[in-house]
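Let's take a walk through this fold, one neighbourhood at a time. Have the coordinates open and follow along.

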Amino acid sequence: MVAFVSDDVEELHEIFSDPQTHTIGGGPFRDIQQTRAWITRRLISHRDLGLCWYALRERSTQRLVGNCGVFAGRTGITEPEIGYEIRYDSQRRGYATEAATAVISECARAGLRRVWATVRPANTASLHVLNRTGMILDHHDEDEKGTLLYLSRVP
């Protein structure tokens, strides 16, 4: 895993503009400027807060297959939220579990007290990944989109 850089924008935009892959937030990005802004926010977060976001690449081809990292999110900087997204045609190969496990280990080395994840109950694939990384359900909340599960783990 390597931190994102500005030059990753075109390859990442392939993932973010794919409606089968980018189903979170407002859905797929329509403009490459959205992806450029996303990378810029992650670079600033890394510089200012120490929270890193990684490009996930296949070892043999170096093709970008996804991303994973931590962000301040709904739970704040002292107990960041983990996130990941894997290219649709590369899902179900263990990339998300491998990356999330590595990021959680990095959080432990950094001395973070707890790592959170939020996920919708219908996102069974993500729930499976989170369970495999040792995350457990802490509580749930309701928002404009419905139920949101909060899982956590002490690294």
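Helices and strands here are DSSP runs (H or I over at least four residues for a helix, E over at least two for a strand), numbered from the N terminus. This is a predicted model, so to speak plainly about cut-offs: local features need pLDDT of at least 70, side-chain atom pairs count only at pLDDT 80 or more, and totals for chains, interfaces and linings use all residues. Residues are numbered from 1 along each chain as its sequence is written, and side-chain values use heavy atoms, with hydrogens and water left out.

Start with the loop between α1 and α2, where you'll find His22. Is His22 buried or exposed? It counts as buried, because its relative accessibility is 6%; the label buried takes anything under 20% relative accessible area, exposed means over 50%, and partly exposed sits in between (1.4 Å probe, protein chains only). Setting aside residues up to four places away in sequence, His22 touches Ile15, Phe16, Gly27, Pro28, Phe29 and Glu85, where contact means heavy atoms within 4.5 Å. His22 and Tyr88 are 66 residues apart along the chain, yet their C-alpha atoms are separated by 8.6 Å.

Now for the two helices on either side of that loop. Two packed helices are described by the angle between their axes and the distance between the axes. For α1 (residues 9-16) and α2 (residues 32-49), the angle is about 110° and the axes are 9 Å apart. That makes α1 roughly perpendicular to α2. The axes are lines fitted to C-alpha atoms, for helices over the stretch in contact, and angles run from 0 to 180 degrees between N-to-C directions; under 35 degrees counts as roughly parallel, over 145 as roughly antiparallel, 65 to 115 as roughly perpendicular, and the rest as oblique. On the α1 side, the contact is made by Val9, Glu10, Leu12, His13 and Phe16, and α2 answers with Ile32, Thr35, Arg36, Trp38 and Ile39.

His13 of α1 deserves a second look. With 13% relative accessibility, His13 counts as buried. Leaving out neighbours within four places in sequence, His13 is in contact with Phe29, Arg30, Asp31, Ile32 and Thr35. From His13 to Gln33 is 20 residues in sequence and 9.1 Å in space, C-alpha to C-alpha.

Further along the chain, head for α4 (residues 124-132), whose buried residues are Ser126, Leu127, Val129 and Leu130. They all sit on the same side of α4, because they cover an arc of only 160° around the axis, taken from the directions from the helix axis to the C-beta atoms. On the other side of α4, Thr124, Ala125, Asn131 and Arg132 are exposed. What lies over the buried residues of α4? The cover includes β4 (81-86), α3 (95-109), β5 and β7. Ser126, buried at a relative accessible area of 12%, touches Tyr84 and Val119, not counting residues up to four places away in sequence. After α4 comes Gly134, with a positive phi near 90°.

Finally, the strands. Two strands pair if DSSP finds at least two bridges between them. β7 (residues 146-153) pairs with β5 (residues 115-119) in the antiparallel sense over five bridges, and Trp116 stands opposite Ser152 in β7. β6 (residues 136-143) also runs antiparallel to β7, joined by seven bridges, with Leu148 as the bridge partner of Asp141. The connection from β6 to β7 is a hairpin through two residues.
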